[in-house]
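Biologist: Please take one part of this model and look at it closely. I would like to know what surrounds it, and then how the wider packing is put together.

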Amino acid sequence: MAAALESTIALFETLKKDFHTTNPDIKKCGQHLATLKLNLLQLSFLQDASQKELLLTREILEIGAEWSVKAKDIPSFERYISQLKTYYNDYSTTLPPSQRQYPLLGLNLLRLLAQNRIAEFHSELELVDPEMLASNVYVKHPVAVEQSLMEGSYNRVWRAKGDVPGEEYLFFMEMLMGTIRNEIGSCVERAYEKLPVADAATLLYLKTPKEVTDFAAQRGWNVQGNHIVFVKDDGDNLEIPAPKIIRHALGYARELERIV
């Protein structure tokens, strides 16, 4: 057992060295993690484990969660976070606090927002120390983003991309913007018969005409010259006030650009 533990520690040190480089080899680090998870299963740390063993397991799982974000593997990230909750909650009085705890919990909150799982977001928020809701930057960020979403202030959500507490947050922020774009797109295609590409870029928070045309292709929109033409089904001919709302949104966005 002692030899197996030493072997696990040695591989963990290799993982840390390989992962915390400027451009880590994601595939290689994933292989290290797969081997380490098998080692942990064989050692069965959760039964009469020492503090050293528990800390080792927690650190491996934390790097696994961070690796999942870099690998853009959301199901893997979710599994690692689920396992880490045991160490953050059940062993909170046994183990010293982890510096990675709130950065990872904040990432998990942002993931739930990006997946539009609002009820689960609030359930997870209830498990966070109340003092941290107002003082911890990693928790405050997703809380502020959720408030902006509830108020329909997509401009504030967009600006939050430039104020993330860590680079790894950008992955879920971009994923969230994708969710928002699809919601806006659903409204736009019902509200307009055609729309200038430039106006669509403003509405959809896209930077270039190519990004607009790529998004249009994903939605099945027709791009004709400098306009997007929306093909409507008979059931889409509904009288809704969306054009007026969108004109106001465009005006607000342009005004905001002038102010900035």
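Modeller: Ser98 sits in the loop that runs between helix 4 (74–90) and helix 5 (101–114). Helices here are DSSP runs of H or I with at least four residues, strands are runs of E with at least two, and both are numbered from the N terminus. The model is predicted, so local features need pLDDT of at least 70 and side-chain atom pairs count only at pLDDT 80 or more, while totals for chains, interfaces and linings use all residues. Residues are numbered from 1 along each chain as its sequence is written, and side-chain values use heavy atoms, with hydrogens and water left out.

Ser98 counts as buried because its relative accessibility is 11%; buried means under 20% relative accessible area, exposed over 50%, and partly exposed in between, with a 1.4 Å probe and protein chains only. The side chains of Ser98 and Glu62 are joined by a polar contact of 2.5 Å. A polar contact is a pair of N or O atoms within 3.5 Å; within protein, one must be able to donate a hydrogen and the other to accept it, and residues adjacent in sequence count only if both atoms are side-chain atoms. The Ser98 side chain also reaches the backbone nitrogen of Arg100, at 3.1 Å. Apart from its neighbours within four places in sequence, Ser98 is in contact (heavy atoms within 4.5 Å) with Arg58, Glu62 and Tyr88.

Glu62 and Tyr88 turn up again around Leu104. That residue belongs to helix 5 and is buried, because its relative accessible area is 1%. With neighbours within four places in sequence set aside, Leu104 is in contact with Glu62, Ala65, Glu66, Phe77, Ile81, Leu84 and Tyr88. Leu104 and Phe77 are 27 residues apart along the chain, and their C-alpha atoms are separated by 9.7 Å. Both are among the residues with the most contacts inside the largest nonpolar core, which has 70 residues; the others are Leu15, Val145, Val157 and Leu176. A nonpolar core is a set of buried Ala, Val, Leu, Ile, Met, Phe, Trp, Tyr and Cys residues joined through side-chain atoms within 4.5 Å.

Val145 leads to helix 8, where Val139, His141, Pro142, Val145, Glu146, Ser148 and Leu149 are buried. The buried residues of helix 8 pack against helix 5, helix 6 (118–125), helix 7 (130–135), helix 9 (154–160) and helix 10. The 14 residues of helix 8 should span 20 Å at 1.5 Å a residue, and its end C-alpha atoms are indeed 20 Å apart; the expected span is 1.5 Å times one less than the number of residues. At the N-terminal end, Asn136 acts as the cap, with a side-chain oxygen 2.9 Å from the backbone nitrogen of Tyr138. Just after helix 8, Gly152 takes a positive phi of about 75 degrees.

Aromatic pairs come next. The structure holds seven of them. The rings of Tyr138 and Tyr169 have centres 6.3 Å apart and planes at 40 degrees, so this pair is tilted. Tyr138 lies in helix 8 (residues 137–150) and Tyr169 in helix 10 (residues 169–191), so the pair ties together parts that are 31 residues apart in sequence. Tyr138 is partly exposed, at 25% relative accessible area, whereas Tyr169 is buried, at 0%. Trp221 and Phe230 form an edge-to-face pair, 4.9 Å centre to centre with 85 degrees between the planes, and both residues are buried. Rings of Phe, Tyr and Trp (its six-membered ring) pair if their centres lie within 6.5 Å; planes under 30 degrees apart count as stacked, over 60 as edge-to-face and the rest as tilted. Phe77, Phe171 and Phe172 form one aromatic cluster.

Helix 10 has 23 residues and reaches 33 Å from first C-alpha to last, close to the 33 Å expected. Its buried residues include Tyr169, Phe172 and Leu176.

Helix 2 (residues 26–43) has 18 residues and spans 26 Å, close to the expected 26 Å. Asp25 caps its N-terminal end through a side-chain oxygen 3.2 Å from the backbone nitrogen of Lys27. The buried residues of helix 2 include Cys29, His32 and Asn39, and its buried residues pack against helix 1 (2–19), helix 3 (51–70) and helix 4.

Cys29 has 0% relative accessibility, while Cys187 is partly exposed at 35%. The structure holds zero disulfides, a disulfide being a pair of cysteine sulfur atoms within 2.5 Å.
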